[in-house]
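Trainee: Could you take me through this model and tell me why things get the labels they do?

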Amino acid sequence: MPTELNPPPGLELESTAELPTLPGNAPLSIPDRLSATDAWRIVPPLGDGLIGPTDQTVPEYDRRSLEQQLHALEQQLKLSDGRIAALEAELERRGDQIKELEAELEVLREELLQSKAELEQLQARDAGRPAPAAQHRAEEAPSRRLLVRTEGANGIVHVLTRRTTVGRTPDNDLRVEADFVSRHHAVLLQAGADTVLEDLHSTNGTYVNGEQIVRRTLREGDVLGFGKILYRFVIKPA
């Protein structure tokens, strides 16, 4: 026996109540009492017209707009990454310059002290007084300071100047093209009779006779290491 559907309390349906027409303009009427089978015959066509489409996909124009916004954001991100990289490179370059200036300032201080000591000796001699003990060595006879690198049977010689920078990039006085050498690796400064080696915050370090250093006054015969590249410090008469 088919299941009967009763209308909800308070809802009365007339036997010939007119509802939306079916395809072909055939009128739709619902009797007072329906079986489940009859109800399913009526509800689907009625529901198709009342519920509407269930497709929730994003319209095409909205999707294109979102893609354009995403592309614009990606371009802005790339530009920001480029600016950050440029600022970091500039910061590193300026840090190297500050380190070099600090090293030069230290050399100038030593030269000033040495000049002051020599002046005191001259004043004491002119006044007939014993000369005070010199705190710094008098400048020796003119000589050339060299860095010598041996590769097989050949030797590469670089003559040091008052200030000699060492690094991987072309703006250095002594360019060492090796991946483990920093762009601005170290600087050598001449202070009177002394030659001072200063590391410039290099990645792989600066060494003298196998010992990593930050700053060192060199002696003839010292072996200098920039990363894995070795040079010997040599002093020759001019």
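**Labels and cut-offs**

Trainee: Why is Glu92 called partly exposed?

Mentor: Glu92 has a relative accessible area of 43%. Buried means under 20%, exposed means over 50%, and partly exposed is what lies in between (1.4 Å probe, protein chains only). So 43% puts Glu92 in that middle class.

One heads-up: this is a predicted model, where local features need pLDDT of at least 70 and side-chain atom pairs count only at pLDDT 80 or more, while totals for chains, interfaces and linings use all residues. Residues are numbered from 1 along each chain as its sequence is written, and side-chain values use heavy atoms, leaving out hydrogens and water.

Trainee: What makes the contact between Glu92 and Arg183 a salt bridge?

Mentor: The rule asks for a side-chain nitrogen of Lys or Arg within 4 Å of a carboxyl oxygen of Asp or Glu. In this pair the closest N and O atoms are 2.7 Å apart, so it passes. Glu92 sits in helix 2 (residues 60-126), and Arg183 in the loop between strand 8 (174-175) and strand 9, 91 residues apart, so the pair links distant parts of the chain. Helices (H or I, at least four residues) and strands (E, at least two) are DSSP runs, numbered from the N terminus. As for Arg183, its 27% makes it partly exposed.

Trainee: Which other pairs count? How do you know that Arg215 and Glu198 belong together?

Mentor: Same test: their closest N and O atoms are 3.0 Å apart, which is within the limit. This bridge also links distant parts of the chain, from Arg215 in strand 13 (residues 215-217) to Glu198 in strand 10, 17 residues apart. Arg215 is partly exposed at 32%, whereas Glu198, at 6%, is buried.

Then there's Arg216 with Glu211, at 3.3 Å from N to O. Arg216 comes out at 26% and is partly exposed, and Glu211 gets that label too, with 45%. Bridges with shared partners also join Glu90, Arg93 and Arg94 into one network. The whole structure has 7 salt bridges.

Trainee: What makes a group of residues a nonpolar core?

Mentor: The members have to be buried Ala, Val, Leu, Ile, Met, Phe, Trp, Tyr or Cys residues, joined through side-chain atoms within 4.5 Å. Here the largest such core has 18 residues, and those with the most contacts inside it are Leu147, Leu188, Leu197 and Leu224. Strand 9 (186-191), strand 14 (223-226) and strand 15 (229-237) are the elements giving two or more residues. Strand 15 gives the most, with 3. In soluble globular proteins, nonpolar side chains tend to be buried together. Over the protein chain, 26% of the 238 residues count as buried.

Trainee: Is His201 buried or exposed?

Mentor: At 60% relative accessibility, His201 is above the upper limit, so it counts as exposed. You'll find His201 in the loop between strand 10 (194-199) and strand 11 (206-208). It has a positive phi of about 55° although it is not a glycine.

Trainee: How do you know that strand 9 and strand 10 pair?

Mentor: Two strands pair if DSSP finds at least two bridges between them. Strand 9 and strand 10 share 6, in the antiparallel sense, so they qualify. One of those partners is Asp194 in strand 10, matched with Ala191. Both strands belong to an open, mixed sheet of 5 strands in the order 8-7-9-10-13. Strand 8 and strand 13 are its edges, since each pairs on one side only.

Trainee: What makes residues 46-51 a low-confidence stretch?

Mentor: pLDDT is the predictor's confidence in each residue, from 0 to 100, and over 46-51 it stays under 50. That stretch has 1 contact (heavy atoms within 4.5 Å) beyond four places in sequence. Residues 134-139 are also below 50, with 13 contacts beyond near neighbours in sequence. Where pLDDT is low, the predicted coordinates should not be read in detail. The chain averages 75, with 64% of residues scoring at least 70. Confidence is lowest in strand 2 (residues 19-22), at a mean of 52, and highest in strand 11, at 95.
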